[in-house]
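Work through these short exercises with the structure open. Try each task before reading its solution.

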Amino acid sequence: MDREVEYEPVSVKVILAEMKDTAELLIDLSYSSVLLESSAIAEEVLALEQRMDVLRLKARMSLLMAARSPEDAKALAPVLGVVDAAEKISEAAGDIAKTVVEEIVLPDAIRSALPEALESIVRAELAADSALAGQTLGERHLETETGVRVIAIRRQGEWLLNPDQETTLRAEDVLLLRGPEEGIAVVYSEATGEEYQTSEPTKPAIEDVGRAVDSIILMKNMSELAVDLAYGAVLFNNEEVAREVFELEVEVDALQSRFEAWTLRAASRVDDPVSLRGLVHIAQSTEVISDAALEISEGVLHGLGAHSVVAAAVEESDEIIIRLEIEAKSTLDGATLGTEMVSTKTGMRVIAVRRGSRDDDDGDDDDDGWVISPGPDTELRAGDIILAKGTRSGAERLAELTEAS
């Protein structure tokens, strides 16, 4: 029987920050459980989902106590939307993990497609003779040297979420590593003493199944991007970014329709149509995440603004979102994200670029607007605004690259 949750005075800002971090970690863990076929990780997702239920109740009670007038209710309505949206993300993540717990069959094609979509999330058990044992994450400089971040540690049956630079690694710790494939290979070998093995992509026997899987992967990428941008819209009270969240949600809905069409076509060609149930389960949950992202940014989108408590919570969360302007003659002025290895050097992920005014060959100003989900070939120039997500130490390193030398 669940323990009764009683009201206690608590900072809404602290709760919102924890809900944000937990929801984002749940997304990573849920897809990782599918990729690794790990019931242990899936069970942890479900346990964290229950923790999120408690946080939601505490947040709602605090918000109800704070609303003493119609003006208060109007101001706090978007905050309540953020609370409910984080809860929906956790529920969706729980549903994805249940495909592992309930041993729902999934095509091999989705497990071969997920590593690329996940930016490689790998489970590694720290060997007793590993050089990492006894070191703090800060001493090893994993993010700076490899671009790999330890997103969670399982130690003696308990999860340590969002470990920081002061966290000491111990023998037999189970690490969840996230980062580029080449960096993962280095850290995995150092942690376990074993060579990192990559699996060859499995080509689906039926083309329509492959198309359905491709649709899910696109839905996942867009949904996660929408969540990042939604928190960015709230943090910077930016209606343009909120509109991008809306457009992404519309695109995810369209992708789900395409997914359903490919799945129905595939069902008539596979020996056991029930084997496609897991795909449907994951697609539905992924679409819920994009809906939740839209709810986070709705207050900004509809002109209600962003309550200061939400912006403060985003600022204080473990994975922060920052806004930086590229200065003239800085390292990034005229460079691409790939040539400067921004992700590897800083551990930060640039999620959007707002183009500054530029002169075309004809001398006219050219404002290209937002570049969403920029890639290695995206070139930056003085005046561009970037939104990036990552750790505080990574934010400091990225800021140095944007400052005039």
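**Exercise 1: a strand and its surroundings**

Task: Decide how enclosed strand 6 is by the rest of the structure.

Solution: The model is predicted. Buried means under 20% relative accessible area. Five of the six residues of strand 6 meet that description, so the strand is largely enclosed by the rest of the structure.

**Exercise 2: partners of strand 6**

Task: Which strands do bridges join to strand 6 (residues 349-354)?

Solution: Take strand 10. Five bridges join strand 10 to strand 6, and the two run antiparallel. Arg349 stands opposite Lys389 of strand 10. Now take strand 9. Three bridges link strand 9 to strand 6, again antiparallel. Here Val353 faces Val371, and Arg354 has Trp370 as its bridge partner.

**Exercise 3: the whole sheet**

Task: Find the order of the strands in the open sheet, and then its edges.

Solution: The four strands are ordered 5-10-6-9, with antiparallel pairing. Strand 5 (320-325) and strand 9 (370-372) each have a single partner strand, so one side of each lacks a neighbour in the sheet. Neighbouring strands are turned by 25° against each other on average, direction ignored. Next, add helix 13 (residues 392-402). Helix 13 packs on the sheet and touches strand 5 and strand 10 (385-390). The direction of helix 13 makes about 10° with that of strand 5.

**Exercise 4: a helix by length**

Task: Check the span of helix 3 (residues 70-101) against 1.5 Å a residue.

Solution: The 32 residues should span 46 Å. The end C-alpha atoms are 45 Å apart, which agrees. Then look along the helix. A kink of about 35° lies at Leu76, shortly before Pro78. Just after helix 3, Glu103 takes a positive phi of about 55°.

How values were computed
Residues numbered from 1 in each chain as written. Predicted model: local features only at pLDDT ≥ 70, side-chain atom pairs only at ≥ 80, totals over all residues. Heavy atoms only, no water. Pairing = 2+ DSSP bridges. Axes fitted to C-alpha atoms, helices over the stretch in contact; angles between N-to-C directions. Contact = heavy atoms within 4.5 Å. Expected span 1.5 Å × (residues − 1). Bend = angle between axes of the 7 residues up to and from the residue. Buried < 20%, exposed > 50% of the residue type's maximum accessible area, 1.4 Å probe, protein only.
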